[in-house]
Amino acid sequence: KNMILVTLHRQENVDNMTRLAQFRAAMQLLETRFPTWEIVFPIHPRTQKKLGDIKLPSNVKLVPPMGYLKFLSLLKSAKVVLTDSGGVQEEACVLGTPCVTLRDNTERPESVQVDANILAGVEPSTVLEAAVYAIEVMGKSRWKNPFGDGKAAKRIVEVLMEG
């Protein structure tokens, strides 16, 4: 199933009503561009409180926060993730899911350098353009994981066993 995953929780986005309104408008553009796709939004309690009466488009499915493994499974199956989370940016890169970062900067520049992540901010047309590019171009390519090969624990155990 075609699905877009969204997370939003950072103070710079959630506590700023202008940025929150831009986020909502970006979700509306995504619904227009991908009307049959589900947009899954595990919503942080603080974000839920700040959204208040702001109505999101009908294909945005708000779900409660979920466990880590369930979230990773959802992230792996998404066509793209839109997030303001540094951890999600890194996890998406490792799992091969294109990422659009809803911020103006990132502490994971490696993911941008390997074309696994796009810094989009929350301006609606920029978010839509980045999401379309992520799905149509990034989703068809395979980037080199800049965060390692996943074998660090094995190497550490080997070193410890030698000592």
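This is a short walk through the structure, one selection at a time, and the model you have open is a predicted one.

**Stop 1: the sheet**

Start by showing the strands alone. You should find six of them in one open sheet, in the order 3-2-1-4-5-6, with parallel pairing. If you want a reminder of what holds such an arrangement together, strands of a sheet pair through backbone hydrogen bonds. Now look at the two ends of the row. Strand 3 (60-63) and strand 6 (117-119) are the edge strands; each has a single partner, so one side of each has no neighbour in the sheet. Turn the view to look along the sheet and you can follow its twist, which averages 20° from one strand to the next.

**Stop 2: strand 1**

Next, select residues 3-6, which make up strand 1. Are the residues on its two faces buried or exposed? Both faces are covered: M3 and L5 point to one side, I4 and V6 to the other, and all of them are buried.

Now add the neighbours. On one hand there is strand 4 (residues 80-83), which pairs with strand 1 in the parallel sense over three bridges. Pick I4 and look for its bridge partner in strand 4, which is V80. Do that again with L5, and this time the partner is V81. Strand 2 also runs parallel to strand 1, and three bridges join the two. Here, M3 has E38 of strand 2 as its bridge partner.

**Stop 3: strand 2 and on to the edge**

Select 38-42 to bring up strand 2. Four of its five residues are buried, so to speak a mostly covered strand. From here you can step out to strand 3: the two pair in the parallel sense over four bridges. For one place to zoom in, try I39, which stands opposite V60 in strand 3.

**Stop 4: T83**

Go back to strand 4 and click on T83, which is found there. With 0% relative accessibility, T83 counts as buried. Which residues does T83 touch, leaving aside those up to four places away in sequence? Show T7, V88, Q89, C99, V100, T101 and L102. T7 deserves a distance label: T83 and T7 are 76 residues apart in sequence, yet their C-alpha atoms are 4.7 Å apart in space.

**Stop 5: helix 2 over the sheet**

Now bring in residues 17-33, helix 2. This helix lies across strands 1, 2, 3 and 4, and runs at about 150° to strand 2. While you are there, click on A25, a residue of helix 2. A25 has 28% relative accessibility and therefore counts as partly exposed. Draw a line from its C-alpha to that of L128: the separation is 10.0 Å, although the two are 103 residues apart along the chain.

**Stop 6: helix 2 meets helix 7**

L128 leads on to helix 7, so add residues 124-136. The axes of helix 2 and helix 7 come within 8 Å and cross at roughly 45°, which makes the two helices oblique to each other. The crossing is right-handed. To see the contact itself, show side chains for Q22, A25, A26, L29, L30 and R33 in helix 2, then P124, S125, V127, L128, A131, V132 and E136 in helix 7. Colour this contact by residue type and you get nine nonpolar, two polar and two charged.

**Stop 7: helices 4 and 5**

For the last pair, select 68-77 for helix 4 and 86-95 for helix 5. How do these two cross? Their axes come within 10 Å and meet at roughly 55°, and that makes helix 4 oblique to helix 5. Helix 4 passes helix 5 in a right-handed crossing. Show Y68, F71, L72, L75 and K76 from helix 4, with V88, E91, A92 and L95 from helix 5, and you have the contact. Seven of these residues are nonpolar, none is polar and two are charged.

Before you close the viewer, click on S77, also in helix 4. At 44% relative accessibility S77 counts as partly exposed. From S77 you can return to strand 1: the C-alpha atoms of S77 and L5 are 9.1 Å apart, with their positions 72 residues apart in sequence.

Definitions and conventions. Residues numbered from 1 in each chain as written. Predicted model: local features only at pLDDT ≥ 70, side-chain atom pairs only at ≥ 80, totals over all residues. Heavy atoms only, no water. Axes fitted to C-alpha atoms, helices over the stretch in contact; angles between N-to-C directions. Parallel < 35°, antiparallel > 145°, perpendicular 65-115°, else oblique. Left-handed = near helix turned anticlockwise from the far one by under 90°. Contact = heavy atoms within 4.5 Å. Nonpolar A, V, L, I, M, F, W, Y, C, P; charged D, E, K, R; others polar. Buried < 20%, exposed > 50% of the residue type's maximum accessible area, 1.4 Å probe, protein only. Pairing = 2+ DSSP bridges.
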